[in-house]
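I set out to record how the strands of the sheets are ordered and paired. The entries below are kept brief.

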Amino acid sequence: LSSVPLQILFYVNGIYYIFYFLATLAMIVYKSQVFSYPDDFLAPDLTLLFIMAILEVLRLYLGSKGNLTEEEAPLGLSLVITVGSVILSVYFLVWQTYVLKADVIINAVLLFTYGLESVLQVIAIAAFVS
Amino acid sequence: MAVALRLGALLLFLLPPVRAAEPSAEPAPEPMASAAGPAAPPETRAATRARPRSGPAPVTDVAKLCVCDLLVAQCDVNCCCDPDCSAADFSLFTTCSVPVVTGDSRFCSQKAAIYSLDVEANPPERIFKLIDQVNPSVFCIHTTNYKQALSFSSPEMPTSENFDQLLKQFGSASFSAEPDSWNMNTDAQNPSDTNETYRYKYGVPIQTVDAFLRLPSPVVSSWCSDANPAGFLLNQATKCIRSLSVEKCGNIEAVSMLFYINSSILAVPESNQVVNITVHSIVVQSLNGMRTLLNGSDVLRLPMILDELCINIVLGVSYHITYTDAGEIIEAAASFVLGAINKEARSIQQSFEISFTQVNTKPVPLSGNPGYVVGLPVRAGFRPQGSGIIQSTNKYSQLTILQSTSNQDCLAAQGARTPILFGYNMISGCKLRITAAMKCQPLTQTLLDLLKGQSFPEFVASFGNSQAQDVLDWVPITHLHISEQSSCQIPVSLEMEVKWTKYGSLVNPQARIVNVTATITTTTLKQLPSGRERTIPITSSVVFTDISSPAEPGYKAWPTINAKLPFDFFFPFV
């Protein structure tokens with residue numbers, strides 16, 4: 001049977017991620033105006049944010065599909081992509097050019113969500129395999 | 001199942017501990033030995049040795065930073081962070097001029113040093129607290145990975161390796177090698193636009209057939225450089241030194257007349273119309289400085305060696321260019337001063353000037369329009385019986401004052417005068433040595449000539465643009481004599497007072513001369529016993545006084561309410 005908590009979490013994650021993306025983009029714009037943000041540092045940050053958005057869409061789609069069709073392949077792929085998303089979130093938490101307190105908060109929430117999702121995905125894969 | 005659990009545990013390990021990191025960035029490059037805090041890691045010291053020497057490192061420890069500590073090894077007053085102050089000094093302070101020293105307040109958490117004076121205690125003592133200041137905003141900087149973000153960057157010190165790269169990055173026209181536009185020989189520069197007519201504009205170098213019209217001028221040192229072009233409508237006068245000797249006088253082309261009139265000027269830039277430079281006049285200067293104007297000026301006189309002298313070398317050129325208002329040059333004339341040098345001379349001084357006149361105009365030099373402009377010469381002239389005002393054409397010699405020379409002897413002053421410029425108070429003087437043999441009357445006359453000059457005018461223009469035919473616009477000079485009653489009076493000072501007023505609108509007042517008074521003060525010449533001599537100072541001065549009455553702005557009258565009741569308003573009763 002599909003995992004209902006996982007599905008709920010995917011849905012909440014989707015909404016939260018939209019908020020996260022807009023907030024991070026707005027804060028990057030704010031930082032570029034208020035602080036000295038040369039182009040060599042601005043470009044990687046923006047690029048990684050957009051890559052993260054693409055990965056997130058893919059991840060949520062595959063995870064949701066795998067959960068609903070009770071197949072472990074898309075769910076496994078989604079788990080692998082989650083690793084990438086986690087690394088990117090850590091980047092925005094620690095290695096970004098300027099890390100504001102707001103950045104710390106939203107990235108922490110995102111990482112917590114990823115963690116919870118990963119656990120539930122693993123359990124779901126285990127349930128579908130057996 | 002066990003595999004899944006192990007996988008889950010591995011994933012849990014991957015979640016990084018979320019913890020507020022200490023603000024790792026000190027907002028500056030690595031502090032050097034002055035920071036007492038954590039010991040500088042050894043690799044930064046090695047790095048600073050390897051780097052070329054840069055500016056002094058900034059102090060970043062807030063406990064050590066003290067901006068009011070200005071006196072070395074002495075206690076600054078009211079400076080609570082000064083390490084040179086003892087407790088006894090602190091008891092004498094009234095306040096702390098620097099109460100808080102913090103780093104960048106945008107960080108979420110940073111150290112702050114707080115200095116305060118406890119005036120309750122007896123004697124007052126200083127309190128020093130090192131606290132962690134927290135920025136409550138949600139947008140405070142938690143960490144920054146861009147080290148130079150929040151401090152001024154020290155500029156790179158140029159060394160022999162990076163000089164070329166720095167020059168390319170920061171050097172601009174003023175600091176680069178010869179610009180390409182000087183090279184007139186490249187035809188591929190701009191394809192000629194035959195549709196668009198070029199014309200000269202202000203400041204554009206005047207082009208000749210081969211390059212530019214040269215006006216040699218001193219560059220950096222006083223030696224002449226032939227690469228200075230003359231700019232259109234830029235009246236310039238330059239003086240420079242050229243090295244020259246009798247043996248080489250035929251070889252150096254810059255001292256020959258031909259060099260200056262050789263190439264013809266292009267009437268319009270990038271065109272084929274040429275204007276030849278004509279020789280207007282030639283003045284020959286002899287070795288002792290005497291100048292004679294030559295009659296025929298069409299003969300080209302080239303330098304040649306005659307009797308161990310080199311004659312006909314160019315000492316000065318004065319170009320006069322006539323132009324039209326369409327930006328075309330129609331005439332060019334050059335006046336030369338030729339001189340001679342002898343065997344001992346190693347260098348000569350050349351002077352060059354260029355002036356522009358518009359065709360069909362007679363340039364009348366005005367000193368203001370209409371009010372006088374500060375710094376322009378005061379216009380003055382004479383008025384013979386029954387005619388208008390006559391002025392000298394040289395605007396700088398209409399009203400003049402004695403010019404002090406380096407040898408202060410009045411009688412050797414050789415009549416040097418300097419023009420009186422509007423608004424500039426001047427004082428000058430010389431010393432007169434009186435011997436017993438001097439007679440009163442000739443001395444008086446000489447001194448009067450000296451103080452007043454050769455042609456002391458009678459009328460001064462009240463406006464900067466007063467016309468010579470409007471006699472009423474000219475103010476007569478009032479003469480005053482202050483003398484004691486005695487036999488022989490010699491004039492010793494001439495004081496001119498020019499009273500002027502502001503005229504016209506409040507917003508743009510114009511200066512207008514109202515009154516000019518020339519006061520001559522005389523003193524008694526006492527007869528000296530023979531053999532003795534006396535020195536008396538002679539002064540002349542000019543003072544400009546503003547006698548404008550304070551402006552009274554005029555206001556319109558208050559509006560009145562013109563309310564009249566109709567005639568039959570109170571009808572039944574009136």
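The entries that follow concern two sheets and one helix of chain B.

Entry 1. I note at the outset that I am working with a predicted model.

Entry 2. I looked up the sheet of three strands. It is open, its order is β1-β2-β3 in chain B, and its pairing is antiparallel. At its edges I found β1 (100-102) and β3 (125-134) of chain B, each of which pairs on one side only. Direction ignored, neighbouring strands of this sheet are turned against each other by 15° on average.

Entry 3. I then followed the pairing of β2 (residues 109-118) with β3(B): ten bridges join these antiparallel strands of chain B. As one position to inspect, I took Lys111(B), whose bridge partner in β3(B) is Asp132(B).

Entry 4. I turned to the sheet of seven strands. It is also open, and I read its order in chain B as β16-β20-β21-β23-β22-β24-β19, with mixed pairing. The edge strands are β16 (380-381) and β19 (426-435) of chain B, and each pairs on one side only.

Entry 5. How many bridges join β19(B) to β24 of chain B? I found ten, and the two strands run antiparallel, with β24 spanning residues 533-546. Within this pairing, Pro537(B) of β24(B) stands opposite Lys431(B).

Entry 6. Which helix lies across β19, β21, β22, β23 and β24 of chain B? I identified α6 of chain B, residues 440-452. Among the strands that α6 lies across are β21 (474-482), β22 (489-503) and β23 (510-524). I recorded an angle of about 25° between α6 and β22(B).

Notes
Residues are numbered from 1 along each chain as its sequence is written. Chains are lettered from A and ligands numbered from 1 in the order in which they are written. This is a predicted model: local features need pLDDT of at least 70, side-chain atom pairs count only at pLDDT 80 or more; totals for chains, interfaces and linings use all residues. Side-chain values use heavy atoms; hydrogens and water are left out. Two strands pair if DSSP finds at least two bridges between them. Helices (H or I, at least four residues) and strands (E, at least two) are DSSP runs, numbered from the N terminus. Contact means heavy atoms within 4.5 Å. Axes are lines fitted to C-alpha atoms, for helices over the stretch in contact, and angles run from 0 to 180 degrees between N-to-C directions.
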